[in-house]
Each structure stands twice: as structure tokens, then as C-alpha cells.
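Let us take a walk through this structure together, one region at a time. Please keep the sequence and the model open as you read.

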Amino acid sequence: MEFYNKLKENDLYPFHMPGHKRNSEFDIPSSEIDITEISGFDNLHSPVGIIKDMQESLAKLYGYKKSIISVNGSTGCILAAISAVSKENDTIIIARNCHKSVYNACFINKLKIEYIEPEYNSKFGCYKEITQAAIDKAIEKAPNACAAVITSPTYEGYISDITCPIPLIIDAAHGSHFGFADYLPKQPKADIIIESLHKTLPVLTQSAVIHIDNLNFYGKVKKYMDIYETSSPSYVIMASIDKCIDFLSDCKNAFSEYKILLDDFYKKINELNNIHILKNDDITRIVLSADGYSGCELSNFLRENGIEPEGDSLKYVILISTVCDTKKGFDKLINALSRLEKREAKEVIFKKPALPLKKCEIYEIKDTKETDLAKAENQISGEYVYAYPPGSPIIAPGEIISGDLIKQIGELYKNGVNILSDSNLLPLKILTKK
């Protein structure tokens with residue numbers, strides 16, 4: 001905790017940014033350790049001291065050749081990674097369930113997109129893993145692609161174990177806890193791996209890291225991280241990363257105790273015959289459904305019982321558990337679910353969403369107009385529509401708005417799923433290409 005302790009011990013009067021001057025009278029949260037790049041505290045964009053040491057510690061802990069801290073979350077890392085492996089008008093292969101930031105990187109770099117469709121769980125209605133056959137087929141179709149980008153683990157906790165002959169970027173935002181216990185999946189293997197430390201570890205929001213395991217890309221990744229990351233990085237966020245590094249350096253007992261809590265939770269939840277658990281690859285990602293309840297209804301019930309879930313879909317809710325959870329928290333969840341009024345089970349089989357027909361590339365949309373959603377069939381979308389979380393597009397700019405898609409969006413709204421669009425015009429209107 002050298003970085004954190006040094007911040008706490010800094011007693012020089014600040015005739016420098018930030019403007020709160022660490023003055024306690026203004027009651028600014030964490031202002032006592034909020035500084036800028038002053039003497040002795042290194043510089044994230046050109047680290048030679050304590051920040052360099054932190055990055056080297058992260059690389060060693062995770063088993064990669066190089067690691068770069070991000071205070072701009074995984075989003076900044078994704079933009080940097082894709083920019084580093086591509087040039088304008090390249091073709092890139094991406095999984096359809098990638099985060100919106102992947103699509104934004106394709107827009108910025110004017111890339112042509114070839115999609116890989118993940119496997120599908122028709123019982124829960126969610127994407128699963130990318131198979132080796134799917135990536136092989138995509139590369140056969142686009143042999144000159146500059147890279148492949150996949151999400152692993154997925155939001156629901158599925159892992160893809162693939163290799164490919166072109167640069168592979170893995171958005172492992174939800175997998176920063178992997179590899180720190182035998183019961184957890186191993187860290188992924190790829191040229192570039194991106195992880196949101198804040199999603200599953202004891203660290204502040206926006207804390208992330210980009211790992212580079214193919215050193216041929218390190219220089220370019222570093223260049224683009226300097227472009228996309230703020231030139232005023234938060235020392236508060238970096239201090240929390242420093243404390244997280246200290247935790248991960250000696251976390252065996254904490255993860256062992258966490259496993260006891262997880263085992264007890266799953267034992268008790270399996271005794272409730274009206275609750276169903278998604279069998280995924282990461283036991284810390286709790287995805288559950290209840291007989292006769294939509295995901296939104298189940299989320300609302302949990303809120304009424306003092307629990308805020310991570311997110312919900314038509315069928316299920318997602319609960320993120322981490323090593324920071326407590327027995328009290330798990331007991332609260334079990335007690336709430338045990339009080340859930342039982343309803344008649346209704347068998348629902350979800351059909352895998354058809355991939356929208358692409359009429360043009362994302363970056364080719366120049367001008368848009370507002371269109372009534374009910375009258376938008378067969379028009380070209382001028383914006384993203386996505387459920388948030390997780391932020392994976394249902395439709396992207398340049399794709400045909402089908403009648404089925406209009407029905408799908410309406411069904412999601414009807415069932416309380418949080419659907420967003422760039423324009424905020426939904427559910428009544430959508431932007432379409434002029």
C-alpha cells in the first residue's frame with residue numbers, strides 16, 4: 001500500500017489542482033487523498049515510480065506480460081485495444097453480444113464488422129459462449145480481418161475457450177476475480193485482455209486494467225490509452241487499485257471463506273423448488289428465475305425486501321456476488337426468496353433473436369430523422385437500442401428495423417426491462433437513416 005499510504009501522509013500545502021485544496025470544511029468525499037501529478041507521485045501517462053510499480057504488480061498477479069491501469073473503466077481500454085490492432089476500413093470480427101463500447105471503437109476507426117453469434121440458452125433467453133467452430137467459420141469468411149473481439153465471461157457468466165490465428169481481444173470486464181481460487185475459472189489467454197477491477201473486486205468504480213500478452217501491441221496500446229484516458233487521472237481511484245493489489249497479494253483465506261458462503265447459499269437455494277439457477281461457468285455470478293415471475297417482477301420483489309439486484313431480463317435476474325459479500329447479505333437474499341409467493345410454473349422457450357440485416361456500416365450513417373417506432377419497419381436504424389445493463393446492442397446503426405424487432409422492443413418495455421437508445425426517444429420513436 002505504498003501508493004495509498006504516501007497519499008495519506010502528504011502534508012504539503014496544495015497551491016495546485018484540484019480546487020477543493022483538500023479542505024475538510026467543504027466535506028468533499030475522499031478529498032484528503034485527491035491530488036494531481038505533483039512531485040513524487042508519478043504520472044499515469046508516463047510512469048517511472050509508484051504507478052509503474054503498481055502496473056508491474058498487476059501484470060505479475062494476473063500472469064500477463066504488461067498491464068496498464070485505467071481510471072476510465074473498461075470502456076477506455078476497449079477503445080484503445082481496437083484502435084491499436086486496426087486501421088481505417090479494416091474488417092473486424094466481433095461477437096454480437098459485445099458491449100456498446102466495442103461498436104463505438106468500430107465507429108471511431110471506420111471498421112467493417114463481421115459478427116460471430118454465440119450459442120443460446122433458450123430456457124433463460126440469453127447468449128452463451130462462443131464456440132471454436134463459430135470463430136473458425138468467421139475467420140474463414142473474413143480471412144483478412146484485423147482482429148477478433150469477444151466477451152468472456154458474458155454478463156450471465158459464460159466463458160468462451162477459443163484460439164484464433166488473428167489478434168484476439170477478450171473483454172473480460174466481469175472476470176477480474178478469475179484465477180485467485182481453485183474454484184474460479186482461470187484467467188483468459190489472448191493477445192489483449194481487458195478487465196473491470198471494480199465489477200468483482202474491492203475497488204472503486206471506474207478502476208480497470210488492460211493486459212497485453214502479445215508485446216507486439218504494447219506500444220500501440222499505450223499510445224491509444226494515452227489518447228482515450230483522461231489527462232487528469234483520479235488518484236483516489238488509483239489509491240483504491242493500490243489497496244486492491246495489496247488484497248490480491250494475500251487473498252487465499254478471503255476466497256476460501258467466500259466459497260463457504262457460496263456453497264451454503266446454493267445448498268439453501270436448491271431447496272426452494274420454485275427458484276431456478278442458471279448453470280453457468282462462474283459460480284459467483286448468480287442468475288436466477290422464479291416460477292410465474294418475470295425478471296422485472298422478481299427484481300421489484302427483491303427491492304421490496306431490501307435487496308438491489310444487478311439487472312434483469314424477461315426471465316431472470318442477475319445478482320453479482322463478490323469476495324466482499326457477507327453471511328448477513330446471503331442470508332437476507334435467501335430469506336427474501338423463501339418468502340416469495342409461489343405461482344404456477346409456465347414453460348417458456350425463448351427463440352434466439354435473428355441477427356438484423358445490415359444495410360450499411362455503423363460509420364456510414366451521417367444524417368438521421370425521428371420516426372414513429374410503429375412505422376419504422378424496414379427502415380435503417382440510425383442509432384443503438386440496447387438493454388442496460390449490460391449495454392449490448394439489440395440493433396445497431398445501419399441495420400434494418402424488422403417487424404419482429406419492433407415487437408421485441410415492445411415486449412421488453414412491457415415487461416419492465418431497462419431499454420435505452422442514443423436519442424432517448426423510445427418507446428415511441430426511433431432515429432432512422434435519412
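Strands here are DSSP runs of E with at least two residues, and they are numbered from the N terminus. With that in hand, we can place L420: this residue lies in strand β17, which covers residues 419-421. Bear in mind as we go that the model is a predicted one.

What does L420 touch, once residues up to four places away in sequence are set aside? Its partners are Y384, V385, Y386 and Y388. L420 has a relative accessible area of 26% and is therefore partly exposed, since that class runs between the 20% limit for buried and the 50% limit for exposed. If you would like a long-range reference point, try Y127: L420 and Y127 are separated by 293 residues in sequence, and their C-alpha atoms are 19 Å apart in space.

One of the partners of L420, Y388, leads us to a feature of the backbone. The peptide bond from Y388 to P389 is cis, with omega near -10°. P389 itself belongs to the loop between β15 (385-387) and β16 (392-395). Another cis peptide bond joins M17 and P18, where omega is about -5°, and P18 sits in the loop between α1 and α2.

That loop between α1 and α2 also holds R22. Although R22 is not a glycine, its phi is positive, at about 55°. Is R22 buried or exposed? Its relative accessible area is 18%, so R22 counts as buried. Q206, also a residue other than glycine, has a positive phi near 85°. You will find Q206 in the loop between α6 (197-200) and β9 (208-212), and with a relative accessible area of 41% this residue is partly exposed.

Now for the two helices on either side of the loop that holds P18 and R22. The axes of α1 (residues 2-9) and α2 (residues 50-62) come within 10 Å and cross at roughly 150°. Angles over 145 degrees count as roughly antiparallel, and α1 and α2 therefore fall in that class. On the α1 side the contact is made by E2, F3 and K6, while α2 contributes I50, I51, D53 and M54. By class, this contact has four nonpolar and three charged residues, with no polar ones.

Moving on to helix α3 (residues 73-85), we meet S74. Its relative accessibility is 7%, so S74 counts as buried. Leaving out residues up to four places away in sequence, S74 touches A173, I194, E195, S196 and A208.

Let us finish with the aromatic rings. How many aromatic pairs does a search of the whole structure find? The search gives 13. One of them joins F247 and F255, whose ring centres are 6.2 Å apart and whose planes meet at 45°, so the pair is tilted. F255 is buried, at 2% relative accessible area. F265 and Y266 form an edge-to-face pair, with 5.2 Å from centre to centre and 70° between the planes; both of these residues are buried. F247 and F255 also belong to one aromatic cluster with Y62, F180 and Y258.

Charged groups sit over rings as well. The charged end of K259 is placed over the ring of Y183, 5.6 Å from its centre. R343 lies over the face of Y293, at 3.7 Å from the ring centre.

Terms used: Residues numbered from 1 in each chain as written. Predicted model: local features only at pLDDT ≥ 70, side-chain atom pairs only at ≥ 80, totals over all residues. Heavy atoms only, no water. Axes fitted to C-alpha atoms, helices over the stretch in contact; angles between N-to-C directions. Helix = DSSP H or I, 4+ residues; strand = E, 2+ residues; numbered from the N terminus. Parallel < 35°, antiparallel > 145°, perpendicular 65-115°, else oblique. Contact = heavy atoms within 4.5 Å. Nonpolar A, V, L, I, M, F, W, Y, C, P; charged D, E, K, R; others polar. Buried < 20%, exposed > 50% of the residue type's maximum accessible area, 1.4 Å probe, protein only. Phe/Tyr/Trp six-rings, centres within 6.5 Å; stacked < 30°, edge-to-face > 60°. Lys NZ or Arg CZ within 6 Å of the ring centre and 35° of its normal.
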